[in-house]
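Here's a quick tour of one pocket and some helix packing, written for someone who likes to poke at coordinates. Pull up the model and follow along.

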Amino acid sequence: MNPVEPHRLFNIQDIVDEIIGHLVVSNTGDDNPDYPTPPSRSDLLSAALSCRAFSEPCLDLLWRHLPSIWPVIYLLPLSFPATDKEPCHLLEKVTTEDWDHIRSYLNRVQSLFFRHDKELHRSVFSCIFTLLQDQPFLPSLRRLHWEFHNSGTSESLIFISPSLRRVRVRWRVMHPPNNPNGTRPKRPIDHLGVFLVALAEYSPQLSELKFDDEVRPGVSSLIARFRQLTSLNLSCDGFKFTPEMFRSISHFPNLTTLDIRTEGLATTFGLGVGSFQALESLTLGGKIPRIVDLLPSFSSSPLVRLAIYCVDQDCKFVFCRPLFTMVARFFASSLLRLSAFFPISRPQSYDEDNQETFHLMTFLDPILSIKQIHSIVIRFPTSGAYLPLSLSDDDVGRMATSWPNIRKLHLRLLRSESDIAPTLQTLSTLAKQCPSLFDLSLCINATNSHSYLEDLTPLRTLRYLDLSGSDTTWDVAADVARVVHFLFPDLIEFVAWARKGIMVGPWNRVLDEARLLRQV
């Protein structure tokens, strides 16, 4: 039987691409490379088998992003032993025609998630080296996510090629226990160091390098070899900076994104003018005093995004104002996105009977000078117990006046009943003065009558509203829902989890009423 010829419309590549595009749903989570989800892969396989016109485009998508090394291994002419303790070997000599067919699939792979698998004997990679004969294994590979446990050097080197652009390493070393006589076992071979040396030599176009876990001090010095990087993530345990290495990184000519933990620095020091001149995105983690000491090193950077993660559980409010003062001083003309996380703890001398109110604007005031800011995300969870936090309608009104172009505003607080909090009037103020607001997260006090709210101006740009941790009552729940619906008629998502049990019912009613109003 002769195969059925495809419809002539399928000879138009744009039509084929449009059809196949509807079959793909990508998985873009941080823990996996960007590859089609399992249902999409099943649909792509069915489409590839159903029509000759769909075959090649679907195979390209199926092989472009691989969640495992096994599809590649199954392509190779290898004999697998009955147990994983025995080595594998080549079945026979591979002909040129067979190798061209295998290459037609290997050339499609652009992204690979490779996790060390104890069922995959290391002899497999020795066989691959024999097959390659100095050719790249995956010549089109651009992104590698490598997770390993003291794995062999050969398992990493086969993936290095001139095409690599992005590498992410998750290294969990499985240290054997100490010997009974108290002596430590011999240190294992530094596979990561060997990998980085080869990566710097044979992947000159590498632009992004990220470490997720422990890095030995000896490996840290190798980072200076990657002067071509545009993105470097060193927010991992065990990474130790030296002043010399930090200075070398500061002069990477193309570095635009940097993520580091300041506790990895051997000392704090200023690098002076001329450092990090291309840097646009900076993430700093550590104790606030050390972050404050380090910020002048980036004063010549045209920062667009700054993220700060305080890891000190004894963080005090008094540390926050100097930090934001430095941010406003150095980056007021360029910064568009600012996020900060502070695990504030209660002072040891804190007296619950004579509570001191902490006014948030005391340390937020300096960043009001950053007029062009688009995104503000600040979280103040408290450890141990709640602190009285003061933020009024007038305070938020000052923010709205200072940041007219704000698109995302998140002020996440863990509040107590006695806190001074914004009311629904704040939502009206933001709707009037922030015409570009798209995403809002705020704790408010919505327990009083809202009949005084007049001259409401709807804001149609807001799509996401989070009032979690706010207060309300049964009596005003319907009013709250009506005000929210009128102010933000085009909401896609409205959430408000209750701060405590007695608030669950009222907020559930607010959400139900708002849902009914959207359906009318």
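What follows covers the second largest pocket and then the packing around three helices.

Keep in mind that this is a predicted model.

Let's start with the pocket. The second largest pocket comes in at about 290 Å³. Its lining takes in 14 residues, and the ones nearest the centre are Phe129, Gln135, Leu157, Ile158 and Ile160. If you sort that lining by character, you get ten nonpolar residues, three polar and one charged. As for where the lining comes from, α6 (123-132) and α8 (191-202) each chip in at least two residues.

Now for the helices. α15 (residues 424-433) and α16 (residues 477-487) pack at an angle of about 5 degrees, and their axes sit 11 Å apart. An angle under 35 degrees counts as roughly parallel, so α15 and α16 run roughly parallel to each other. Here's who takes part in that contact:

| Helix | Residues in the contact |
|---|---|
| α15 | Leu424, Leu427, Ser428, Ala431 |
| α16 | Val480, Val483, Val484, Leu487 |

By character, the residues of this contact split into seven nonpolar and one polar, with no charged ones.

α15 turns up again as a packing partner of α14. Which residues of helix α14 (residues 393-402) are buried? They are Asp395, Val396, Gly397, Met399, Ala400 and Ser402. Besides α15, the buried residues of α14 pack against the strands β16 (358-359), β19 (389-390) and β20 (408-413), plus helix α13 (361-364).

Notes. Residues numbered from 1 in each chain as written. Predicted model: local features only at pLDDT ≥ 70, side-chain atom pairs only at ≥ 80, totals over all residues. Heavy atoms only, no water. 1 Å grid on protein atoms, 1.4 Å probe; cavity = no way out; pocket = protein on both sides within 12 Å on 5 of 7 lines; lining within 4 Å. Points joined across faces, edges and corners; volume = space filled by probe spheres on them. Helix = DSSP H or I, 4+ residues; strand = E, 2+ residues; numbered from the N terminus. Nonpolar A, V, L, I, M, F, W, Y, C, P; charged D, E, K, R; others polar. Axes fitted to C-alpha atoms, helices over the stretch in contact; angles between N-to-C directions. Parallel < 35°, antiparallel > 145°, perpendicular 65-115°, else oblique. Contact = heavy atoms within 4.5 Å. Buried < 20%, exposed > 50% of the residue type's maximum accessible area, 1.4 Å probe, protein only.
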